[in-house]
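Please take a moment to look over the sequence and the fold before reading on. The paragraphs below move from the interior of the protein to its strands, its rings and its metal site.

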Amino acid sequence: MAPRLLAAMHAFAFSASPPACPSAWDMPIPAVRSVIEEWRRDAPAQPSSDGGARGAMYEQAATDGQLEEEGVVQLLELLDPPASAVFADLGSGRGEALFHIAARREMTRAVGVELLRTRHERACELRQKLEARKLLRTPVSLVHGDLLDMRAHAPPSTRTTPPPGAARPRPLPAPHTSACTPPPLLPPMLPPAIDTVEPDWAVRACEQLRERLYARLRLRPREVRRVRELYDATQHAFSCRHSRRQLRVPEREMDELDHRNGYVADPHREWLELHCSTPTTYEYEITAPPAVHLMACATRVARFCRERCDEALRELAHGAGACSHLSQLLTDEDRIPPPPADAAESERGFVESMLRVYQYSRDFQLRPDDGHHDVGLLTIIPRSTSPGLQIQPEKDARGSWRAEWLDVERWMADDEAILFGGMTLARLTGIPALFHRVDVGGRVRISAPFFQRPSPGILLPATRRHDEETVDVFNAKTRAAYNDELTGAGVVVVAPHHARDYERRLAKELRSLDSVRSRRRGDASSPRLSAAETEARGRADERRERKGPRVDVRRERSGKRWGSPRSGSPAAERRADERRWERVGGREDWRG
Ligand SMILES: O=C(O)CCC(=O)C(=O)O
Ligand SMILES: [Fe+2]
């Protein structure tokens with residue numbers, strides 16, 4: 001018997017009165033059988049073993065014992081799972097039993113966990129065939145991983161202890177405790193965390209990214225300590241008036257979203273922004289010890305986040321399923337001259353990349369249009385001080401993204417980080433950007449997302465949905481759109497009656513881009529473009545001017561709210577906001 005376990009224990013949740021289930025026999029079962037038969041005939045001749053030493057043992061022990069269809073029927077009769085149940089097959093092999101169940105019963109979800117990659121991949125193929133013919137009544141998630149590694153199925157443990165002597169002015173709020181919302185009864189089936197000390201971590205992370213739109217990473221111990229130090233330093237510096245003043249983004253740079261460095265206030269969220277390759281031009285000398293310490297901590301965290309993103313990007317560009325567009329972008333980034341001596345980092349390329357360190361107040365309110373896709377290539381977010389990050393990572397049986405928020409941080413251990421793609425990555429590789437938002441649930445929260453973003457002058461290729469354009473123009477287009485006018489592929493889709501409005505917003509963004517460009521051209525310390533890049537930029541600009549903006553007009557209105565205004569606050573408003581922040585807290589710029 002294969003080491004298969006049909007988990008009926010904790011994996012089921014029964015509602016008080018199970019809803020009546022339709023008969024198991026009115027389903028298109030013959031169609032399911034014929035799809036499975038056809039898929040069996042397509043089997044590769046020699047399935048190879050994988051999953052490491054444990055995988056080899058398992059392969060030997062597994063006798064390929066299938067739970068036959070008859071057994072599935074008996075099992076369903078015995079368990080009679082209600083529609084609210086989640087069905088888990090731990091050791092799901094090629095998934096046949098799981099699919100028979102998902103085709104017969106309507107449940108919240110069916111999850112299969114399989115250690116052997118070849119079997120998992122076969123199960124994914126079968127799922128695709130069954131989903132394409134809409135034969136599954138229950139959405140099926142397939143996880144490739146080792147059950148023994150799935151520690152995140154337990155709620156996270158306590159925080160790491162700070163290093164001896166570390167400054168801690170006030171204790172941070174207890175991490176990941178929930179005063180208002182009780183933790184969900186059932187832990188979601190997250191993929192296993194990938195240990196970044198493993199040499200093949202990037203390969204595995206990119207597999208997860210392709211399949212789930214995010215990857216769970218386990219950081220190295222030293223990195224976990226650095227994140228902790230950063231959170232403590234943030235709390236300290238943000239509560240010091242001198243530090244805030246010294247770190248503040250100079251007024252003239254406030255609108256230079258892709259270059260500015262420093263502290264920004266908002267009534268319910270304040271943050272430090274560090275564009276690692278941009279020279280820092282603060283109005284005051286940074287001398288306040290909490291500010292100096294915060295900059296040092298932020299630079300260290302940004303550095304290791306950038307290293308992880310670089311490794312993942314190289315894998316996406318050159319590894320399995322290599323992407324030539326991305327590989328070209330990496331080559332172009334390598335040609336960008338090294339940053340000036342006063343930049344926070346000396347690494348060349350990725351000029352726009354940045355670390356943001358947010359401190360959300362407990363009054364930070366979730367708004368209906370907060371869900372968004374990040375603009376850049378990759379985002380990496382170490383677990384914050386209190387759970388709040390929510391993601392929409394799953395497709396339903398019809399292949400559309402499910403409008404269900406997963407409180408992913410609640411299930412991340414304190415040494416973990418989440419990695420996911422933004423709209424530029426989607427534009428280059430076809431891996432959709434992850435839709436996400438933050439709900440602090442009435443608790444103070446400090447987080448430090450790092451955004452790996454390409455340099456503004458790099459040329460992005462023309463694709464089916466996009467013209468050839470430079471990164472800064474692509475960014476201006478997405479910035480001009482409201483969150484609900486953007487798709488995970490970075491395409492702007494506006495309602496017909498908002499097309500003119502969008503063009504006005506875009507024209508404003510492009511004007512501001514032009515003024516930033518001419519200011520930068522006059523600024524000798526900004527990263528210079530090579531002659532070829534300048535010429536390519538010029539060509540793309542000319543084309544844009546000739547053809548006007550490319551906008552897809554949405555034919556039908558979705559149920560979402562249209563055109564919620566983004567507050568691009570003028571200087572006076574900003575100053576008023578800052579004064580308000582002095583009392584309790586200015587500015588809205590949500591998309592990283
Ligand atoms: O605070 C976080 O964890 C994420 C914030 C975010 O999504 C962003 O700035 O784009
Ligand atoms: Fe984001």
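In this predicted model, the largest nonpolar core has 99 residues, and of these Leu326 and Leu355 touch the most other members. Helix H9, which spans residues 289–318, gives the most to this core, with 14 residues. Once its neighbours within four places in sequence are left aside, Leu326 is in contact with Leu313, Leu316, Ala317, Leu377, Leu425, Leu428 and Thr429. Apart from the largest core lies another, of 26 residues, among them Val72, Ile101, Ala110 and Leu142. As a general background to such groupings, nonpolar side chains in soluble globular proteins tend to be buried together.

Ile101 leads on to helix H4, where it is one of the buried residues. This helix, residues 96–104, is mostly covered, with 9 of its 9 residues buried. The buried residues of H4 include Leu98 and Phe99, but also Glu96, His100 and Arg104. What do they pack against? Their partners are the helices H1 (29–41), H3 (69–79) and H5 (117–132), together with the strands S2 (86–90), S3 (109–114) and S4 (140–144).

Strand S12, made of residues 416–421, can be read in a similar way: 6 of its 6 residues are buried, so the strand is largely enclosed by the rest of the structure. In a regular strand the side chains alternate between the two faces of the sheet. In S12, Glu416, Ile418 and Phe420 point one way, while Ala417, Leu419 and Gly421 point the other way, and all of them are buried. Strand S6 (residues 214–218) runs antiparallel to S12 and is joined to it by 5 bridges, with Leu217 standing opposite Ala417. Strand S10 is also antiparallel to S12 and joined to it by 5 bridges, and here the bridge partner of Pro382 is again Ala417.

The aromatic rings offer another route through the fold, since a search of the whole structure finds 5 aromatic pairs. In one of them, Trp271 and Tyr358 have ring centres 5.6 Å apart and planes at 65°, so the pair is edge-to-face. The pair links distant parts of the chain, because Trp271 belongs to strand S8 (residues 269–275) and Tyr358 to strand S9, 87 residues apart. Both Trp271 and Tyr358 are buried. Tyr360 and Phe364 form another edge-to-face pair, at 4.8 Å centre to centre and with 80° between the planes. Tyr360 counts as buried at 2% relative accessibility, and Phe364 is buried as well, with a relative accessible area of 11%. Ring pairs link these residues, Trp271, Tyr358, Tyr360 and Phe364, into a cluster.

Rings also meet charged side chains in this model. Arg245 lies over the face of Tyr284, at 4.6 Å from the ring centre, and the charged end of Arg505 sits over the ring of Tyr482, 3.8 Å from its centre.

The last stop is the metal site. Which residues coordinate the iron ion (ligand 2)? The donors are His372 through NE2, Asp374 through OD and His436 through NE2, at 2.1 to 2.2 Å, and along the chain they follow the spacing H-x1-D-x61-H. Asp374 lies in the loop between strand S9 (354–360) and strand S10 (378–382), whereas His436 is in strand S13 (residues 435–438), so the pair ties together parts that are 62 residues apart in sequence. With the cut-off for burial at under 20% relative accessible area, Asp374 counts as buried at 2%, and His436 is buried at 4%.

Definitions and conventions:
Residues are numbered from 1 along each chain as its sequence is written. Chains are lettered from A and ligands numbered from 1 in the order in which they are written. This is a predicted model: local features need pLDDT of at least 70, side-chain atom pairs count only at pLDDT 80 or more; totals for chains, interfaces and linings use all residues. Side-chain values use heavy atoms; hydrogens and water are left out. Donors are N, O and S atoms within 2.8 Å of the metal (3.2 Å for Na, K and Ca); water is not among the atoms, so sites may look incomplete. Helices (H or I, at least four residues) and strands (E, at least two) are DSSP runs, numbered from the N terminus. Buried means under 20% relative accessible area, exposed over 50%, partly exposed in between (1.4 Å probe, protein chains only). Contact means heavy atoms within 4.5 Å. Rings of Phe, Tyr and Trp (its six-membered ring) pair if their centres lie within 6.5 Å; planes under 30 degrees apart count as stacked, over 60 as edge-to-face and the rest as tilted. A charge sits over a ring if NZ of Lys or CZ of Arg is within 6 Å of the ring centre and within 35 degrees of the ring normal. A nonpolar core is a set of buried Ala, Val, Leu, Ile, Met, Phe, Trp, Tyr and Cys residues joined through side-chain atoms within 4.5 Å. Two strands pair if DSSP finds at least two bridges between them.
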